[in-house]
Amino acid sequence: MWDSGTIQMLAEGTGVTLYMTLTSTLIAYVLGLPMGIALVVTAKDGLRPNALIYKVLDVIVNITRSVPFLILLILVIPLTRLIAGKSYGATATIVPLTIAAAPFIARMVESSLLEVDKGVIEAAQSMGASLWTIIWKVLLVEARTSLIVGATIALGTILGYSAMSGVVGGGGLGDIAIRYGYYRYEAGIMWVTVILLVVLVQILQVIGTRLSKKLDRRSR
């Protein structure tokens, strides 16, 4: 079972899993970061309160986060086909991964920004800082440690989602686990894929933790 072909398959599966995870996380942050900022800014006690915008974003985030990923994966197949040209494979899986991750990231960004000391924001306002200056130079800078921790959590969550996508031929380690570990009853390969997924999560966790601590020391 453990010939060069199997080892190569697992190595390629690991690479595909990282490709799906990192790419979808990046795109999800492009969408989720502005949403999280908008939630904080338009909240009742935010910098620019706007009940309509806040309510719309809040409902979108809550509804999307409430849908289990496997169900969402199936629901967005038409959209996946429209964007990627097919509904299976690593690149196609990035579409549902991004849709699932963006609201989750938006909520984590919102939580991180709400931790920023109100006094710092008020001080910036008293000095005549514009809305965008407060967002980029106060909120995001002050919350950078928490944002990095949130990004680490998001990476681990999206990595888990990518493994679930193997059920519908999403590619990567999840697909290998389903095809060989489940359908062919090769428990050895199943356990190896699980171990590889755990190792990947731990590596991402260590990198994120060290980076957040480094940024936290700089702020002191």
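How much accessible surface does the protein have, and what share of it belongs to carbon and sulfur atoms? The accessible surface comes to about 12,000 Å², and 67% of it belongs to carbon and sulfur atoms. Keep in mind throughout the tour that this is a predicted model.

Begin with the whole chain in view, where the C-alpha trace spans about 70 × 40 × 25 Å along its principal axes. If you colour by secondary structure, you will find 10 helices and zero strands. Of the 220 residues, 42% count as buried, and among contacts between residues at least 6 apart in sequence, 74% join residues at least 24 apart.

Next, select residues 4–41, which make up helix α1, and pick out Thr-14 within that helix. Thr-14 has a relative accessibility of 16% and therefore counts as buried, since the cut-off is under 20%. Once residues up to four places away in sequence are set aside, Thr-14 touches Leu-173, Leu-196 and Leu-200.

Now show Phe-69 and Tyr-161, which form a stacked aromatic pair with 4.8 Å from centre to centre and 10° between the planes; a search of the whole structure finds one aromatic pair. Because Phe-69 lies in helix α3 (residues 69–75) and Tyr-161 in helix α8 (residues 144–164), the pair ties together parts that are 92 residues apart in sequence. Phe-69 itself counts as buried, at 6% relative accessibility.

For the interior, select Leu-47, Leu-113, Ile-121, Ile-134, Ile-135 and Leu-139, which have the most contacts inside the largest nonpolar core, a set of 33 residues. The elements that give two or more residues to this core are α1, α3, α5 (90–114), α6 (118–126), α7 (131–142) and α8, and α5 gives the most, with 10 residues. Centring the view on Ile-134, and leaving aside its neighbours within four places in sequence, you will find this residue in contact with Leu-47, Ile-121, Ala-124, Gln-125, Ala-129 and Leu-139. A second, separate core has 10 residues, and Leu-159, Ala-163, Ile-176 and Leu-197 are included in that core.

Finally, turn to the surface and select Leu-70, Ile-74, Met-164, Val-167 and Val-168, which together make a nonpolar patch of about 400 Å². Is Met-164 buried or partly exposed? Met-164, which lies in helix α8, is partly exposed, with a relative accessible area of 34%.

Note on methods
Residues numbered from 1 in each chain as written. Predicted model: local features only at pLDDT ≥ 70, side-chain atom pairs only at ≥ 80, totals over all residues. Heavy atoms only, no water. Helix = DSSP H or I, 4+ residues; strand = E, 2+ residues; numbered from the N terminus. Buried < 20%, exposed > 50% of the residue type's maximum accessible area, 1.4 Å probe, protein only. Contact = heavy atoms within 4.5 Å. Phe/Tyr/Trp six-rings, centres within 6.5 Å; stacked < 30°, edge-to-face > 60°. Core = buried A, V, L, I, M, F, W, Y, C linked by side-chain atoms within 4.5 Å. Patch = residues over 30% accessible without salt bridge, like charges linked within 9 Å, V, L, I, M, F, W, Y side chains within 5 Å. Areas by Shrake-Rupley, 256 points an atom, 1.4 Å probe, with all protein chains shown as cover. Salt bridge = Lys/Arg side-chain N within 4 Å of Asp/Glu carboxyl O.
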